[in-house]
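Student: I have a structure open and I'd like to know how people decide what to call things in it. Can we go through it together?

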Amino acid sequence: MHALIEHARTFPAKIADRQEEFGRLARGQQPQALFISCSDSRVIPSLFTGARPGDLFELRTAGNIVPPYRGEAACGVAGSLEFAVQALQVPDIIVCGHSHCGAVQGLMREQNVQTMPLVRRWLARAGHRTRSDEPWQLQGLGEDPTAVTQQHVLTQLDHLRSYPFIARRLSSGRLRLHGWYYTVETGEVLFAMPGTRAFKPL
């Protein structure tokens, strides 16, 4: 913690020669994309995208989960989506899963999260079960964590399409959706090829 505090303390001096850049940021934002990723500390979107301040509107959740649209729900994820699409009018949304994801491991083996009821309830919103009173169902996805994570990303993209304000912008060609998979140990990023369920290197 000391290193984090020290960096925060000295940060103003470190950016003293970038006052014009940060001054522009203070006047508003126009991010290139909404980037939805896992809360995992090993996944730093700006690190592997090269994004600078103002480039990405980030939404981080455990397991990069996007719950399906429910108009009556008070949901921080839904509110962030609405703001990014309606107010900021982002042209692209990226859902990025990653290797060694604890949430996906919990989806594959429910006993891993047996002692964490809040985590279990959150994972239940990932879209891998057929009824609310059933365990999540991962049949057909196999035992390969990479394949399961990639299919999980595609499911979250399907959830995004259920939001009316996203569906409208998609149909008008003003919004594009992307599925990514980040490998922690190599830094490689794969993308979901349009029209398929296969992932290839960027």
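**Strands, cysteines and a pocket**

Tutor: Sure, let's begin with one pair: tyrosine 181 has leucine 190 in strand 5 as its bridge partner. Keep in mind that this is a predicted model.

Student: How do you know that strand 4 and strand 5 pair?

Tutor: Two strands pair if at least two bridges are found between them. Strand 4 and strand 5 have 3 bridges, so they pass, and their sense is antiparallel. Another of the facing pairs is tyrosine 182 with valine 189 in strand 5. The two strands make a hairpin with 6 residues between them, and in the turn glycine 187 has a positive phi of about 80 degrees.

Student: What makes strand 3 and strand 4 partners?

Tutor: Again, count bridges: 7 of them join strand 3 (residues 92–98) to strand 4, and these two run parallel. Aspartate 92 stands opposite arginine 176 in strand 4, and histidine 98 has tyrosine 182 in strand 4 as its bridge partner.

Student: Which strands does strand 1 join?

Tutor: Strand 1 (residues 33–38) is joined to strand 3 by 4 bridges, running parallel, and phenylalanine 35 has isoleucine 94 in strand 3 as its bridge partner. Strand 1 is also joined to strand 2, by 6 bridges and again in parallel. There, cysteine 38 has threonine 61 in strand 2 as its partner.

Student: Why are strand 2 and strand 6 said to stand at the edges?

Tutor: Look at the order first: the open sheet has 6 strands, arranged 2-1-3-4-5-6, with mixed pairing. Strand 2 (56–61) and strand 6 (199–201) each have a single partner strand, so one side of each has no neighbour in the sheet. On average, neighbouring strands here are turned by 30 degrees against each other, direction ignored.

Student: What makes strand 3 count as largely enclosed?

Tutor: A residue is buried when its relative accessible area is under 20%. In strand 3, 7 of the 7 residues are buried, so the rest of the structure largely encloses this strand. In a regular strand, side chains alternate between the two faces of the sheet. Here Asp92, Ile94, Cys96 and His98 point one way, while Ile93, Val95 and Gly97 point the other way, and all are buried.

Student: Which residues of strand 2 are on its covered face, and which on its uncovered one?

Tutor: Phe57, Leu59 and Thr61 make the covered face, and Leu56, Glu58 and Arg60 the uncovered one. Strand 4 is mostly covered, with 5 of its 7 residues buried.

Student: Why is leucine 175 called buried?

Tutor: The relative accessibility of leucine 175 is 4%, and the limit is under 20%, so leucine 175 counts as buried. You'll find leucine 175 in the loop between helix 8 (164–171) and strand 4. The C-alpha atoms of leucine 175 and alanine 33 are separated by 9.8 Å, although the two are 142 residues apart along the chain.

Student: How do you know that cysteine 38 has no bond to cysteine 101?

Tutor: A disulfide needs two cysteine sulfur atoms within 2.5 Å. The closest cysteine sulfur to that of cysteine 38 belongs to cysteine 101, and it is 4.2 Å away, so that is too far for a bond. Cysteine 96 is in no disulfide either: its nearest cysteine sulfur, that of cysteine 38, is 9.5 Å away. Searching the whole structure gives 0 disulfides.

Student: Are cysteine 38 and cysteine 96 buried or exposed?

Tutor: Cysteine 38 has 6% relative accessibility, so it counts as buried. Cysteine 96 has a relative accessible area of 1%, so it is buried too.

Student: What lines the largest pocket?

Tutor: The largest pocket holds about 300 Å³ of space. It is lined by 16 residues, and the closest to its centre are Leu157, Leu177, Gly179, Ala192 and Pro194. Helix 7 (145–161), strand 4 (176–182) and strand 5 (189–192) are the elements that give two or more residues to this lining. By class, the lining has 9 nonpolar, 4 polar and 3 charged residues.

Note on methods:
Residues numbered from 1 in each chain as written. Predicted model: local features only at pLDDT ≥ 70, side-chain atom pairs only at ≥ 80, totals over all residues. Heavy atoms only, no water. Buried < 20%, exposed > 50% of the residue type's maximum accessible area, 1.4 Å probe, protein only. 1 Å grid on protein atoms, 1.4 Å probe; cavity = no way out; pocket = protein on both sides within 12 Å on 5 of 7 lines; lining within 4 Å. Points joined across faces, edges and corners; volume = space filled by probe spheres on them. Nonpolar A, V, L, I, M, F, W, Y, C, P; charged D, E, K, R; others polar. Axes fitted to C-alpha atoms, helices over the stretch in contact; angles between N-to-C directions.
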